[in-house]
Amino acid sequence: MGTRASLLARTQTQLVADALTARGAEVEIVHITTDGDRTQAAGTPIPGTGVGVFTSALRDALLDGRIDVAVHSYKDLPTAPLPGIVLAAVPERADPRDVLVARDHMVLGELPPGSVVGTGSPRRAAQIDALGLGLQVVGIRGNVETRIRKVTDGEVDGVVLARAGLLRIGRAGEATEVLDPVQMLPAPAQGALAVECRVADTALETFLRSTLHDEATAAAVTAERAVLAELGSPCDAAIGALADVVEDLDDDGRIVERLSLRAFATTAEGALVRNSATGETKDAEQLGRSLAAELLADGAEPRGATSA
Ligand SMILES: NCc1[nH]cc(CCC(=O)O)c1CC(=O)O
């Protein structure tokens, strides 16, 4: 198995490795350095887009046989499938919500106007602006530990991070507020992992799927990513989406599972447009696509139109 060298990536890979080992697999983990890690370490911004910079080196290693299994943060993967590689399993997702880590134990509403919130995510920045609290958003980069340190060091008053990442590295207790998705919709597939192998390794694919795959997570993430595929790309798009599997009653009064999906995107002027829909879990992809179409009809900026 290959992993990036960051604490979060290593922890996520170990989580999957442990599950495979428990089922009798022999696992060796190798570290792969990505362009994203290199540019991040050098402190240079990744121009325009971060799409795939963290995931492409792992996929290269998979394709050329240095590794057999790659574990990605699903939300960092480009939406287009890559020939030769198959998504073998989507394990049960961790908490998809974002959290605030702020100075003096403050929640968002307690930060005085003018307070500086650090995030490199256009999605988080757009939603913080939309709260109208007078907070100032500054772009920051670096791994999770680096970003928390910017609060401790007083460089910023707060940062917004994925709760799943903090949970995995054992630092969820440092969050000062868990942000409600009504205020802060997470990135599509946030908190979920994507476990990939080569298309040709069908026995390995079957093993990974039977050991790791979670259908409810996969349905939710499929709907969320379908919104993204229609409207933008990971990292550079101010797009949020969150699907929950909920219980509903069908026409005969029987309990059925349905997907409840909410999403937002931004107009060319930077205003938020939000919408929501529910559908059957088996139609997850279609549910996401039609919600994206509604967002476009509501004025969301179409894919590729953005210059910033
Ligand atoms: N963009 C980086 C990234 N990719 C995955 C996670 C956290 C884990 C996850 O969301 O699955 C993070 C850090 C963050 O957004 O705070």
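Start with the largest nonpolar core, a set of buried Ala, Val, Leu, Ile, Met, Phe, Trp, Tyr and Cys residues joined through C-beta atoms within 7 Å. Select Val 195, Ala 223, Val 227, Leu 231, Ala 241 and Ala 263: of the 73 residues in this core, these touch the most other members. Buried means that 20 or more other C-beta atoms lie within 10 Å of the residue's own, exposed that there are 12 or fewer, and partly exposed covers what is in between, with C-beta atoms placed from the backbone. Helix α8 (residues 215-231) gives the most to the core, with nine residues. Helices (H or I, at least four residues) and strands (E, at least two) are DSSP runs, numbered from the N terminus.

The model is predicted: local features need pLDDT of at least 70, side-chain atom pairs count only at pLDDT 80 or more, and totals for chains, interfaces and linings use all residues. Residues are numbered from 1 along each chain as its sequence is written.

Next, select Val 195. Apart from neighbours within four places in sequence, its contacts (C-beta atoms, placed from the backbone, within 7 Å) are Val 16, Val 69, Val 71, Ala 88, Ala 89, Pro 91, Leu 208 and Leu 212.

Leu 208 and Leu 212 lead to helix α7 (residues 202-212), where they are buried along with Glu 205. Looking down the axis of α7, the buried residues fall within an arc of 65° (taken from the directions from the helix axis to the C-beta atoms), so they line one face of the helix. Thr 202, Ala 203, Thr 206 and Ser 210, on the other side of α7, are exposed. Show α1 (7-22), β4 (85-89) and β10 (193-198) as well; they are among what covers the buried residues of α7.

Now move to the open sheet of three strands, ordered β11-β12-β13 with antiparallel pairing. Strands pair if DSSP finds at least two bridges between them. β11 (240-249) and β13 (272-280) are the edge strands, each with a single partner, so one side of each has no neighbour in the sheet. Select β12 (residues 255-266): nine bridges join this strand to β13 in the antiparallel sense. Arg 262 stands opposite Ser 276 in β13.

Bring back α8, which lies across β11 and β12 and runs at about 135° to β11. Axes are lines fitted to C-alpha atoms, for helices over the stretch in contact, and angles run from 0 to 180 degrees between N-to-C directions.

Finally, show the whole protein chain, with its nine helices and 13 strands. Of its 308 residues, 43% count as buried.

Technical notes. Contact = placed C-beta atoms within 7 Å.
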